[in-house]
Structures are given as C-alpha cells and as structure tokens.
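Student: Could you take me through one sheet in this model, strand by strand? I'd like to see how its pieces fit together and then what else lies elsewhere in the chain.

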Amino acid sequence: MSTVIEVSGSIRPATVNTPLDERSRVQTVADILNIKNPELGGRVFVVENAKWYKITALKAGMVGPVEVDDTKVKTYEEVPDAAAITGLSNRIGTLETAAGDQEEFNADVAANLGELQEKSEAQDNFNAGVTAKHEQYDGKITEYNGKFTDQDEFNADVAGHLESLQDDVEQQAVFNTEVTEELTALKEGVEAKMPPAMFTLPIPQDKDNNTLSFIFDVCENGFFDEEDTTHILMNDHLLKMELFSNGEFAGVPESGIGNPYYGDSISFTMDTDMFPDYVPGKTYYARYRWMDQATGRTDWWGFKFNHGMIDLRPVRTTFGDNSSVPDEESVDGEFTVDYLNGDVQRFILSNDAVLRKENILNIPFKQAIQVIINPNGHTLTLVNGASSIDYTTKCLVGVVDIGEFIMVDNEIF
C-alpha cells in the first residue's frame with residue numbers, strides 16, 4: 001500500500017507505477033474535486049476512462065475551523081484526445097457538403113482541407129510516436145526490473161521518461177488548439193460566403209387590365225404537401241419587392257401591379273420573415289403563379305434553387321381574336337399607342353403630331369401591332385431612336401417584339 005508523505009524538498013517513488021505527484025492521478029472523474037492541495041493548471045490522469053484533465057479554477061475550503069483560499073478544485077476540463085480531433089475532421093465533411101457548387105468557396109475549402117489533411121497526418125505521426133514511447137517505457141520497466149539493483153538510478157530514469165511524456169501531452173494540447181481555431185475560421189468563412197437567394201420573376205399581361213399579384217411556394221421535398229409548404233404572398237411583403245420598369249428599378253406602388261407594368265419584372269430577396277426556416281445555401285424546391293383581382297390564374301412554374309433564380313420566360317395570358325379594325329381616334333402633339341387597346345388601331349391628326357417608338361406600349365413577346373395614321377392635312381413625325389421621318393399622307397406603322405422592338409413604316413397609296 002502506497003504511503004503519502006508531505007515534504008518540503010523533491011521526492012521520488014520507491015515503487016513502480018507510482019505517480020511522482022499523488023495529485024496527478026485519480027480513479028474516477030468525480031475524484032478530481034476531492035484532490036487535496038490542488039494546483040491551478042495541474043493535469044490529472046483518470047484511470048476510469050484513461051483521459052487527461054486540466055484544473056481550470058480553484059476555490060476556498062475549510063482547513064480545520066478556518067476557510068483557506070485555493071484549497072479545493074472548482075472547475076476542470078478534459079484535454080482533447082485523438083478521437084476528438086477525428087470528430088473535428090468529420091465536421092469538415094459536413095461543412096464541405098453545405099458549400100454547394102460555389103466555385104470560389106470550393107477552392108477555399110479545398111485549400112483548407114489540404115492543410116488540415118497535412119495536420120491530420122502530422123497528428124497520426126505524433127500519435128504513433130507517443131505509442132512508441134509508451135511501448136518503449138513498458139519495455140524499459142521490464143528491463144529495469146530484471147537489471148537494476150540501484151533503485152535510485154531506476155527512479156531517475158523513470159522520472160525522465162515521465163517528463164518526456166508530459167511534454168508530448170503539452171504539444172498535443174497546442175496542436176488541438178490550432179485545429180480548433182482553424183475549424184472555427186473555416187466555419188465562419190462558410191457562413192459569410194452564403195448570401196441569401198434572390199429571385200426575378202416576369203410580370204404577365206392581363207387583357208382585362210386587372211391588378212396582379214403572385215403566390216410563391218417553398219418546400220424541401222418537391223411534393224408541396226400543405227403541411228410541408230411555406231406560402232409567400234406578394235402583397236404581404238410589398239416593401240421588400242422591386243419592379244424593373246421603363247429602364248430602372250422602383251418600389252411596388254400601393255395600388256398594386258397593373259398597367260403599365262405588364263411585361264416588366266419583379267425582384268425580391270429571400271429572408272426568414274418570408275420563410276422562417278430558411279437557411280442560405282441550402283437547396284429547396286419552389287413554384288409560383290400569378291393571380292388577378294378577379295378569378296384569373298396562370299399555371300404553376302417550378303424550379304430548384306440554393307443561391308437564387310431569374311425566370312425570364314415570356315409570360316402572358318391567352319388573348320382572343322383582337323384584329324378587328326376600330327374607328328379612327330383623333331390625336332395631336334406627342335401621343336401613345338397601347339397594344340391593350342387592340343393589335344390594329346387607327347388615328348387621325350387634328351394638328352401636327354409625334355409618335356415615338358418608345359411610346360408604343362405593352363406589346364407581348366412575339367406579338368405585333370399595326371397602326372394606320374391619317375395626317376389629315378397636318379404633319380406626322382415618326383421617331384425611331386436617333387432617326388425621324390415626316391409624313392403628310394396616310395401611313396402604316398408596324399411594331400413587333402422579338403426580344404427587341406422592331407418598328408417599320410410605309411406610306412399608304
């Protein structure tokens with residue numbers, strides 16, 4: 001049975017497998033709190049789970065009838081081992097999956113993974129060295145038991161090996177700290193490089209000039225079951241929407257989206273107000289449809305997204321026959337022509353007038369309008385970009401939208 005003796009000078013054990021400091025080894029984790037005269041920063045080996053722990057704080061305790069500071073262990077923490085490092089390495093795989101297909105991110109992660117792989121290999125080499133030293137130590141114990149008769153020489157040699165192993169443990173602690181810091185930086189880099197998804201949707205035509213709005217559904221499995229689907233209504237988030245119309249971005253008017261915004265686009269950025277469970281960079285399924293203020297509905301359009309989506313497909317409702325020839329409308333000065341009033345229109349001038357290509361409005365994609373204009377003794381000026389032409393006799397103006405406006409004009413004989 002071992003005997004503990006308190007001395008003012010150095011000590012060395014007289015038997016094998018006896019710690020130099022009685023405080024450095026206990027049977028169970030709970031025994032750490034019962035160590036007598038503990039030291040701040042002291043390292044303790046627990047036989048029960050074969051793990052090292054570090055004392056991080058002390059507290060006062062009773063010595064006889066007197067309370068004395070720093071006589072008891074207040075807190076301690078486990079020194080990470082190889083299994084903990086392996087868990088951190090597995091976390092890298094999880095972070096790599098979250099990165100998606102973002103090229104810059106992948107390059108950054110690849111560089112970090114390469115460096116961490118080198119550190120992992122260095123740790124494997126380190127662990128192998130520690131194992132070898134333990135094996136060497138065990139071999140020397142056997143050798144010493146058979147060879148040494150001088151107990152003092154034996155104890156000195158054992159103390160040297162224990163000091164070497166303590167240095168190895170401290171080096172491992174430094175390595176573990178470096179790996180933890182690098183993983184934390186990598187995680188912060190992943191989160192910083194995941195911007196929220198942005199969407200741009202086309203605004204359809206409505207032959208009845210109704211006000212339009214859309215519903216945007218999001219789910220994780222693509223089935224859009226009611227219990228698994230989040231419904232985002234445009235009218236609930238108008239302040240987060242932006243229109244692109246007439247060559248510039250603007251907010252959505254309080255009156256809603258109607259004429260003259262048909263054929264333009266609307267954009268918004270996903271956030272947790274619209275979708276409470278939203279995680280930037282995660283892949284979701286989405287669909288949307290437009291509705292008018294009456295009962296009109298478009299079909300659903302769907303897609304998958306993780307970083308955003310721009311849908312530039314031409315969207316329009318079905319138009320009936322629209323090629324009836326209307327009565328002449330009297331105009332003068334600068335005037336506009338709106339496709340919503342028919343694809344064939346007639347005008348007669350009551351004074352000189354100007355028609356610019358940009359004032360011919362709301363022509364759907366791949367549709368055309370024909371305009372018959374009677375100068376009626378006045379002058380009609382057609383303006384197409386930087387060029388213009390004057391007519392004093394009847395003319396036919398045609399405009400078609402094929403991704404760009406093409407305007408042609410001819411004199412009528």
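Tutor: Let's start with strand 8 (242-245) and strand 10 (265-269), which run antiparallel to each other and pair over 3 bridges. To pair, two strands need at least two bridges between them, as found by DSSP. A strand here is a DSSP run of E with at least two residues, a helix is a run of H or I with at least four, and both are numbered from the N terminus. For a landmark, look for Glu242, whose bridge partner in strand 10 is Ser267.

Before we go on, a word on what you're looking at: this is a predicted model, where local features need pLDDT of at least 70 and side-chain atom pairs count only at pLDDT 80 or more, while totals for chains, interfaces and linings use all residues. Residues are numbered from 1 along each chain as its sequence is written, and side-chain values use heavy atoms, with hydrogens and water left out.

Now move to the other neighbour of strand 10. Strand 5 (residues 198-202) pairs with strand 10 in the antiparallel sense too, over 5 bridges. Here Pro202 has Ser265 as its bridge partner in strand 10. Strand 10 is mostly covered, with 4 of its 5 residues buried. "Buried" means under 20% relative accessible area, "exposed" means over 50%, and "partly exposed" is in between, using a 1.4 Å probe and protein chains only.

On its other side, strand 5 pairs with strand 13, this time in the parallel sense and over 3 bridges. You can spot Met198 standing opposite Gly308 in strand 13. In general, strands of a sheet pair through backbone hydrogen bonds, and the pairing can be parallel or antiparallel.

Put the pieces together and you get an open sheet of 5 strands in the order 9-8-10-5-13, with mixed pairing. Strand 9 (248-251) and strand 13 (308-310) are the edge strands, each pairing on one side only. From one strand to the next, the twist averages 25°; the angles are taken between N-to-C directions, from 0 to 180 degrees, of axes fitted as lines to C-alpha atoms (for helices, over the stretch in contact).

Two loops beside this sheet deserve a look. Between strand 8 and strand 9 sits Asn246, a residue other than glycine with a positive phi, near 55°. Asn246 counts as exposed because its relative accessibility is 74%. Further along, the loop between strand 9 and strand 10 holds Pro260, and the peptide bond joining Asn259 to Pro260 is cis, with omega at about 20°.

Now leave that sheet and go back to lower residue numbers. Strand 2 (43-46) and strand 3 (51-63) pair in the antiparallel sense over 4 bridges, and Arg43 has Lys54 in strand 3 as its bridge partner. These two strands make a hairpin with 4 residues between them, and Ala50 in the turn has a positive phi of about 55°. Strand 3 is also joined to strand 4 (residues 66-78) by 9 bridges, again antiparallel, with Ala57 opposite Thr75. That hairpin has 2 residues between the strands, and Gly64 takes a positive phi near 70°.

Strands 2 and 3 also lead us to the largest pocket, since each of them supplies at least two residues of its lining, as do helix 2 (103-147) and helix 3 (151-192). A pocket is an open set of points on a 1 Å grid over the protein atoms alone, with protein on both sides within 12 Å along at least five of seven lines; lining residues have an atom within 4 Å of a point. This pocket holds about 1300 Å³ of space. Among its 45 lining residues, Phe45, Trp52, His134, Leu162 and Leu165 are the closest to its centre. Helix 3 gives the largest share of the lining, 11 residues. Sorted by class, the lining has 24 nonpolar, 11 polar and 10 charged residues. Nonpolar covers Ala, Val, Leu, Ile, Met, Phe, Trp, Tyr, Cys and Pro, charged covers Asp, Glu, Lys and Arg, and the others, Gly among them, count as polar.

Definitions and conventions:
On a 1 Å grid over the protein atoms alone, a cavity is a set of points where a 1.4 Å probe fits but cannot get out, and a pocket is an open set with protein on both sides within 12 Å along at least five of seven lines; lining residues have an atom within 4 Å of a point. Grid points are joined across faces, edges and corners, and a volume is the space filled by probe spheres set on the points.
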